[in-house]
Amino acid sequence: MIPVSAHSTDRHMAPDILTLRRDFPTLAQIVNGHPLVYLDNAATTQKPQVVLDALNHYYRDTNANVHRASHALSGQATRAFEQARIKLQRFINAPAPEQLIWTRGTTEAINLVAYSFGMHRLKADDEILISTLEHHANIVPWQQVAAATGARIRVIPLMPTGDLDMQAAAQLINSRTRLLAIGQVSNALGVVNPVKQLIALARTVGAVTLVDGAQAMGHLPVDVQELDCDFYAFSGHKMYGPTGIGGLYGKRELLEQMPPWQTGGEMVSHVSFEQTRFNRLPFKFEAGTPNIAGAIALGAAVDYLSGLNRTLLAQHEHSLLDALVTGLEAMPGVRIIGRPYVRVGAVSFVVEEVHPQDLATLLDMQGIALRTGHHCAMPLMQALGLEQGTIRASVAFYNTHEEIAALLAGIHKAREFF
Amino acid sequence: MHPFGDTITDTDIRALFNAAHGWEARYKALIKLAKQLPTLAEEHRVEANAIHGCESQAWLLSEQDEKGVWQFHCDSDARIVKGLMAVVLAALSNKTAADIAAFDMEAYFEELQLLNHLSPSRGNGLRAVVEAIKTKAES
């Protein structure tokens with residue numbers, strides 16, 4: 001009855017979501033007098049008990065700095081910390097653990113590439129190619145690189161469906177393109193981009209490629225070798241791990257060539273007052289004491305996910321999104337923003353005559369948590385002519401069809417106020 | 001001109017919300033109040049009058065007459081935010097700087113059961129509006 005284990009073969013049976021929900025203590029609470037309906041998973045996912053236990057266990061029983069002191073606790077901490085790196089390496093199929101650098105999250109990972117690669121390797125008239133769908137985290141660092149180097153930012157436009165215009169992309173990729181930086185899944189609209197195809201196109205002109213995987217890791221299997229990207233950035237807290245931890249995968253040759261970005265302790269092999277020799281990968285990019293507990297707990301999140309049948313859970317998420325889209329379509333005056341070829345995670349919409357913020361307030365009073373506004377993608381909202389932004393409902397596998405029904409009923413109720 | 005602080009005072013607002021039972025009645029009351037606050041003319045919906053810290057757009061106009069009484073006018077493209085602004089104007093508009101400084105906004109919003117909207121973490125920017133009014137009156 002509960003085919004949620006990784007080895008389940010019956011694909012027709014629905015996973016027992018109610019049992020899985022018990023792994024997430026945050027979900028079982030009353031908000032504004034109603035059972036919480038948490039549909040803001042693209043902002044951050046809730047954490048399973050095993051992740052909370054890993055954080056607690058580290059600080060209670062192990063707490064010691066890594067790679068330094070020669071005592072028992074430090075050895076334990078270092079082993080757990082490096083073990084977590086290997087878990088993440090396997091999760092994204094990176095060739096070696098040292099090609100996975102711990103960062104605070106996607107934003108820091110992209111900044112690392114912008115400062116350590118972009119600032120050094122780009123020059124005037126080089127082109128950085130991004131898309132209209134990008135989150136500010138995959139726009140603003142490149143603007144800084146462009147301002148400092150004279151490189152130019154080019155933007156792949158959208159089709160009316162919200163999908164990238166691949167014909168335009170093919171034309172935009174040219175001999176001046178030095179970097180393609182592209183989101184795998186749009187946080188604002190839930191569009192899944194054909195990143196593999198874009199990377200292959202970029203490869204033909206010798207451009208370096210970076211994938212912003214923040215919205216992909218919690219929903220899709222990620223294989224960086226299959227994608228053949230040069231860099232892959234992600235956040236732990238959007239894949240059931242803690243905040244303040246994430247990572248950057250990079251191809252070895254590039255990482256070896258890149259100078260360190262932040263400097264200090266941990267990232268050096270020898271320091272005199274005259275000169276410093278930098279440590280090897282990955283440590284040369286991990287200055288200072290890292291988020292040890294966060295990395296270990298993210299490893300626990302990966303163990304947790306790997307123990308579930310993710311194919312079934314993805315199907316479940318898909319059926320939730322289908323139900324939401326169908327329900328919204330049946331409401332007069334509701335406009336769904338983006339009808340992508342492949343959708344993951346989120347549905348954005350607007351309601352005629354109702355400001356997104358007003359709708360979110362009235363949903364919050366009914367215990368329904370979702371996001372309103374520009375979703376850190378102001379250029380996208382401008383391109384879509386949505387000055388007030390949108391309402392975004394974003395799912396995780398622990399959401400239920402009852403919660404989708406509650407959202408639809410909540411919207412119906414909210415509209416009666418106007 | 002608008003009625004808030006003039007014919008609709010904070011006493012009226014307190015009475016209105018005391019009679020409103022349940023969150024539905026309170027938010028319906030807010031939306032009704034928003035309708036009584038006239039829309040600002042396009043010429044006033046400009047960056048110089050904009051209040052930041054709101055997920056919705058918001059504007060504040062102010063003037064002080066020769067007797068030292070302040071008149072404020074607010075607008076927002078979100079209806080509930082605009083209703084919350086009307087609640088604030090009922091207490092702070094048509095008042096002297098001393099009255100404005102002495103007014104306990106927290107206690108007022110707590111009594112109305114709308115205190116969560118004054119929280120600095122809230123995206124509606126109501127706190128920014130209250131602070132902008134207080135700063136203006138102190139100047």
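Helices and strands are here DSSP runs, numbered from the N terminus, with at least four residues for a helix and at least two for a strand. With that naming in hand, a tour of this predicted model can begin.

Chain B makes a convenient starting point. It holds six helices and three strands, and these follow one another along the sequence in the pattern α-α-β-β-α-β-α-α-α. The chain has 139 residues, for which a compact globule would have a radius of gyration near 14 Å; the value for chain B is 14 Å, and the two therefore agree. Along the principal axes, the C-alpha atoms of chain B fill a box of roughly 40 × 30 × 25 Å. Of the 139 residues, 40% count as buried. Among the contacts of chain B with a separation of 6 or more, 62% come from residues 24 or more positions apart.

Within chain B, one pair of helices deserves a slower look. Helix α3 of chain B covers residues 79-92 and helix α6 of chain B covers residues 126-138; their axes lie 10 Å apart and make an angle of about 30°. Angles under 35 degrees count as roughly parallel, and α3(B) and α6(B) are therefore roughly parallel to each other. The crossing in which α3(B) passes α6(B) is right-handed. On the α3(B) side, the residues that meet the partner helix are B:Val81, B:Leu84, B:Met85, B:Val88 and B:Leu92, while α6(B) contributes B:Leu126, B:Val129, B:Val130 and B:Ile133. Sorted by class, this contact has nine nonpolar residues, with no polar and no charged ones.

The stretch leading up to α6 of chain B has a feature of its own. B:Gln113 sits in the loop between α5 (105-111) and α6 of chain B. Most residues other than glycine have a negative phi. B:Gln113 is not a glycine, yet its phi is positive, at about 60°. This residue counts as partly exposed because it has 13 C-beta neighbours inside 10 Å.

Attention can now turn to where the chains meet. Eleven residues of chain A are in contact with twelve residues of chain B. On the chain A side, the elements giving two or more residues are α12 (356-364) and β16 (371-373). Of these, α12(A) gives the most, with four residues. By class, the side of chain A that touches chain B has four nonpolar, six polar and one charged residues.

Helix α12(A) also packs within its own chain. Its axis and that of helix α14 of chain A (residues 401-415) come within 9 Å and cross at roughly 115°, in a right-handed crossing. Here A:Leu359, A:Leu362 and A:Leu363 of α12(A) meet A:Gly410, A:Ile411 and A:Ala414 of α14(A). This contact has five nonpolar residues, one polar and no charged ones.

The other element named at the interface, β16 of chain A, leads on to a further backbone feature. A:His375 is found in the loop between β16 and α13 (378-384) of chain A. Its phi is near 55°, a positive value in a residue other than glycine. A:His375 counts as buried because it has 23 C-beta neighbours inside 10 Å. Elsewhere in chain A, the loop between β12 (276-278) and α10 (292-306) holds A:Pro282. Most peptide bonds are trans. The bond from A:Leu281 to A:Pro282, however, is cis, with omega near -5°.

Two serines in strands of chain A complete the tour. A:Ser394 lies in strand β17 of chain A (residues 390-394). With 29 other C-beta atoms within 10 Å, A:Ser394 is buried. A:Ser394 touches A:Leu39, A:Asp40, A:Asn41, A:Ala42, A:Gly345 and A:Ala346, leaving aside residues up to four places away in sequence. A:Ser394 and A:Ser348 are 46 residues apart in sequence, and their C-alpha atoms are 8.5 Å apart in space.

A:Ser269 belongs to strand β11 of chain A (residues 268-271). With 11 C-beta neighbours inside 10 Å, A:Ser269 counts as exposed. Residues up to four places away aside, A:Ser269 touches A:Arg277, A:Phe278 and A:Asn279. A:Lys251 is 18 residues away from A:Ser269 along the chain, and the C-alpha atoms of the two are separated by 22 Å.

Technical notes:
Residues numbered from 1 in each chain as written. Chains lettered and ligands numbered in written order. Predicted model: local features only at pLDDT ≥ 70, side-chain atom pairs only at ≥ 80, totals over all residues. Axes fitted to C-alpha atoms, helices over the stretch in contact; angles between N-to-C directions. Parallel < 35°, antiparallel > 145°, perpendicular 65-115°, else oblique. Left-handed = near helix turned anticlockwise from the far one by under 90°. Contact = placed C-beta atoms within 7 Å. Nonpolar A, V, L, I, M, F, W, Y, C, P; charged D, E, K, R; others polar. Rg over C-alpha atoms; globule rule 2.2 N^0.38 Å. Buried ≥ 20, exposed ≤ 12 C-beta atoms within 10 Å, placed from the backbone.
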